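Please open the model in your viewer and keep the selection panel at hand. The tour below goes from one selection to the next and says what is found at each stop.

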Amino acid sequence: MEQIEILKEFVISNFLFGKSTILEYDTDFLEKGIIDSIGILELVCFVEETFNFKVLDDEILHNNFSSLTKLNNYINLKLGKLQKVVQKCAV
Amino acid sequence: MCGIAGIANLTEPGSILINSVGMMASSLRHRGPNESGIYIDDWLGFAQTRLSIIDLLGGSQPIHNEDKSLWIVFNGEIYNYLELRRSLVEAGHKFYTLSDTEVILHLYEDEKENCLSKLNGQFAFAVWDSTNKELFICRDRVGKKPLYYTINGNQFFFSSEIKALFSNDQIDREIDYISLNQIFTFWTTLPGRTIFKDIKELPAGSYLKYKNSKLTITKYWDYDFALPDNLINYSTDDIVSKLKELLIDAVRIRLRADVQVGSYLSGGLDSSGITALIKKNFNNELSTFGIRFEEESFDEGEYQSAMVSNLNVDHTEIFASNKKIGELLPDVMWHCEIPLLRLSPVPLFMLSKLVNQNGFRVVLTGEGADEVFGGYNIFKETLIRSFWAKYPDSELRPRLLERLYPYIFKDATSKANLKSFFKLGIDNPNDLLFSHMVRWQNTSRIKRFFSDDLANENKDYEPYSDLKEILPEKYSKWDALSKAQYLEMKIFLSNYLLSSQGDRVAMAHSVEIRMPYLDYRIIEFMSLVPSYLKIRGLNEKSILKKVFKDILPDTIRQRVKHPYRAPIKNSLLNNNLDYVDEYLSEESINKYRLFNSSMVTKLKEKLTKSNSASEIDSMALVGILTTQILSDMFGDNFQYRLNKPITFDRIYDRRSISMSEELLYTERK
C-alpha cells in the first residue's frame, strides 16, 4: 500500500471510525475537527511506530501534521533525510 | 418540594379518572414520599406528592383559598413567604395553614401573574381557577424546578417529570431528532424542548395560561445585563459589601425549614463560602456532605478536609469509585430523562442518597456562582480570544491561552495545535455566538456517529439559527463577557446543571437543594456590575473572592479552580458492565437506528484498548450510550418501571360523575 494510503486508513479508522466521506488528501484535520490535541499525539505515535523514526518536538507543526498531504511530505522528507544519514554512515 | 402532575380537558368537561392522575403521581413518588393529594372536577384533575419541609402537619396539598374557588399544587420553596404572608394577613386574607403554598395562592388571588415578581424561591406551580375555568402554570426565574407538558387529543397534561406524562398510555414516547441534534451541539436542548417528540418544557422564567381552549406562554423574567450607561459606579469595596449583605440574606432565608438543613461541601470556593456563611452566622452544628473520587485528578479531598477542619463541621463523604459510577448510570438516566455527554450527575446522585440516609431533606449548594460571578474558563477564554481578535496575527496574544489551560498546553505538540483550535471564529469577533462557537463546533463532531437516517432527517437543520431566535433584543449590545454569561445561563445552567446535575439527581433521593448564589437579587445586582470587575485580568470571580476575604482561608480563596467532573472511560469500559455491551451492540444500535453501528463498535474498541481518551471520544461514548438507554427505558421497557396508581391521602372530588362509575370504568378497562 502506498504510504499516503496507510496514513489515510489510520486517520479514517482511528479518528473517523470508518466514516471516510469527509476526508480528502488536503482536508485540514483541525479545521474540519477531525483531530484534536490528544489526536495529534496519537498520530505522532502512529507515525513513529509505522515509519520507525523519532518525531522531534519542534517538528510537530501545523505545517507537518495538518493534512494527509502535508504529513506525507513530512514523512518523505524525514525518511529521505534518514536515508542520507544512513548512506553517509555507510560511506 | 414535591412532584406535581395534572390533566385538563381542553374543550369541554368530561371524565378524568383519579387513577389516571394517580398513575402520574405514582411515578413522582421519589419527589414526594411523605404524602399525596388530589383535586379533581369535570375540567381538571391535579395532584401533588409531597416532601414535607415547611408546616409538616398542616401544609398538605392541594390547597385552596377562602371560598375554595382557587386551588394550587406546588413544587418548590418560597423563601420570603413569611414576609409575604404578613402583608397578606394585613390585607385581610384568612390562612388555614402555615405553609408557603397558601401564601402563593392568596398572592395569586390578588395579583394574578404579577405575583411572580414578588416570589423569591424555586418553584413550579399550577393554580386552577375553578370558577373561570382558567389554569395557570409557571416556573421560577432560572428554572430550578422542572415542568413539562403535552397536548394529546382534547387533553392537556403537565407534570414535574416526563415519566409522569408517559404513564398515560396514549402519549407517544419517541425520540425527537432535532432535540438530539441540539444536545449533540449545546450539551442540552434549547429552552422549551425535550428529547421526546411533542413533550414540551415550560421554559424557565415563563408562565402558561390555558383558558377557553387557548394556551398562551409568556416570559416574565430573563437575565439582563446593564449597558454602559446603566452600570453601577460604586467602588469595588461598596460592591463587595453590598454583595456580602445580599449573600448572607440569601443564605438566611434559605435556612428556613421545619426540618434540619445541611450543606454540600466540595472544597472549592463556592460551596466552602456558603458553608462558612452558614456555620459562622446561623448554625454552629452544621452537617456537610461531600464527594471523593477514586481517580486522583477528579478528587478534591485535600481541600475538602482542609475546610472541614477549618470550620469544624460534621462532614460525611461518599466514595465515588469508577465502577460504581458506571453501574449507576442507568438509574441516573431514569431521573435525568435527557441524553448526557458527561457523567458528572452520577456522583451527585450518590451524594443525595447519602444525604437522605443521614436523615436530611434539605441542603444548600454552591451552584450558580460560576455563572453569576464569572468563574468559568469559557469566560476567560472569550476575553482572551476577543483580545486576540483585535490583532489576529499576534504571536503573543494567543499565548495567554496557555495560562488558562496549562494542562493541555504542556508540550509543543499541544501548543501548536491548540492555537489553531481556538483560532476558530477569531476573524469574526462580532458573531453573536463568538464565545461558545469553539466549544459547540467541537462538540458537534460527535454528530458523525449519527446513522444515515438521522443525518438525513437533520441535514437541513442548523441549531445556531434556532438559538439566535431566542436571544433578547439587547443581547447584541452587551459586551463579550455578558453575552457569554447569558448563553451559559440560558442554556447550560437551566437545562443541564440545574436539572441533570441538580434537581433530578437530588430529588431522586427526596433531597431538596437550595442555591443562594442564584437568588434573583444577587443575579440582578451582579448584572449591574461592570464586566472588568468580575474577571480582573484573568482572575475569575474576583468580587466573590473579595466577599470571602475574612471568611475563607487564603488556600481556598486563591486555589486554582478545579472543574467538577467525573471519569468517563474508566467508569464505563473495562468494568464488566453488561448493559454497556448490550446498549452498544450492533443489534441494539440498529434497533433504534439513531447511530452508525460500525462506527460505534470501532469507538468502543479504540477506547477499550487505549490508556487515555480524548475529550471528544469520551463525549461521543456517553452521548451514544445514554441516548440508547433512554430509547430503551422510555421505549419498549417503559412500563415495568412504573408503580401502581398512588392511593391518595387526600382527595377533593368535585366531579359530577359518581365514584362507583369510575370504579366500574376502571374495572372494564
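Before the first stop, one convention is needed: an angle of 65 to 115 degrees between two axes counts as roughly perpendicular, while angles under 35 degrees count as roughly parallel and those over 145 as roughly antiparallel, the rest being oblique. Please also keep in mind throughout that this is a predicted model.

**Two helix pairs around H28 of chain B**

Begin by selecting residues 322-336 of chain B, which form helix H9, together with residues 615-633 of chain B, which form helix H28; these two helices pack at an angle of about 65°, and their axes are 10 Å apart. H9(B) and H28(B) are therefore roughly perpendicular to each other, and the crossing in which H9(B) passes H28(B) is right-handed. If you now show side chains, the residues that meet are Pro330(B), Met333(B) and Trp334(B) on the H9(B) side, and Thr626(B), Ile629(B), Leu630(B) and Met633(B) on the H28(B) side. Sorted by class, this contact of H9(B) with H28(B) has six nonpolar residues, one polar residue and no charged ones.

Keep H28(B) selected and add H27(B), whose axis comes within 11 Å of that of H28(B) and crosses it at roughly 125°. That angle makes H27(B) oblique to H28(B), and the crossing of this pair is left-handed. Here Val600(B), Leu603(B), Lys606(B) and Leu607(B) of H27(B) meet Asp617(B), Ala620(B), Leu621(B) and Ile624(B) of H28(B). By class, the contact of H27(B) with H28(B) has six nonpolar and two charged residues, with no polar ones.

**Two positive phi angles**

Moving from H27(B) toward the N terminus, select Arg593(B), which lies in the loop between helix H26 (586-592) and helix H27 (597-609) of chain B. Although Arg593(B) is not a glycine, its phi is positive, at about 55°. Arg593(B) counts as partly exposed because it has 14 C-beta neighbours inside 10 Å.

Next select Asn574(B), which is found in the loop between helix H24 (569-572) and helix H25 (578-583) of chain B. Phi of Asn574(B) is near 60°, again a positive value in a residue other than glycine. With 15 C-beta neighbours inside 10 Å, Asn574(B) counts as partly exposed.

**A cis peptide bond**

Which peptide bond is cis, with omega near -5°? Select Gln61(B) and Pro62(B), since the bond that runs from Gln61(B) to Pro62(B) is the one in question. Pro62(B) belongs to the loop between strand E3 (44-50) and strand E4 (63-64) of chain B.

**The nonpolar cores**

Now turn to the largest nonpolar core, which has 190 residues, and in which Val21(B), Ile72(B) and Ala126(B) have the most contacts. Selecting residues 480-497 of chain B brings up helix H18, from which the largest share of this core comes, at 10 residues. Centre the view on Val21(B) and, leaving out residues up to four places away in sequence, look for the residues that Val21(B) touches, among them Ala5(B), Ile7(B), Ile38(B), Ile40(B) and Phe46(B). A second, separate core of 14 residues includes Leu30(A), Leu43(A), Val47(A) and Phe65(A).

**Chain A as a whole**

With those residues still highlighted, show all of chain A, where there are four helices and zero strands. Of the 91 residues of chain A, 23% count as buried. Among contacts in chain A between residues at least 6 apart in sequence, 53% join residues at least 24 apart.

**Two residues with distant partners in sequence**

Return to chain B and select Ala250(B), which has its place in helix H6 (residues 236-254). With 24 C-beta neighbours inside 10 Å, Ala250(B) counts as buried. Add Ile522(B), 272 residues apart from Ala250(B) along the chain, and you will find that their C-alpha atoms are separated by 8.3 Å. Apart from neighbours within four places in sequence, Ala250(B) is in contact with Pro516(B), Asp519(B) and Ile522(B).

As a last stop, select Ile318(B) in strand E15 (residues 314-320) of chain B. Is Ile318(B) buried or partly exposed? With 19 other C-beta atoms within 10 Å, Ile318(B) is partly exposed, since a residue is buried if 20 or more lie within that distance. The C-alpha atoms of Ile318(B) and Arg292(B), which are 26 residues apart along the chain, are separated by 6.1 Å. Not counting residues up to four places away in sequence, Ile318(B) touches Ile291(B), Met350(B), Leu351(B) and Leu354(B).

Key. Residues numbered from 1 in each chain as written. Chains lettered and ligands numbered in written order. Predicted model: local features only at pLDDT ≥ 70, side-chain atom pairs only at ≥ 80, totals over all residues. Core = buried A, V, L, I, M, F, W, Y, C linked by C-beta atoms within 7 Å. Buried ≥ 20, exposed ≤ 12 C-beta atoms within 10 Å, placed from the backbone. Contact = placed C-beta atoms within 7 Å. Axes fitted to C-alpha atoms, helices over the stretch in contact; angles between N-to-C directions. Left-handed = near helix turned anticlockwise from the far one by under 90°. Nonpolar A, V, L, I, M, F, W, Y, C, P; charged D, E, K, R; others polar.
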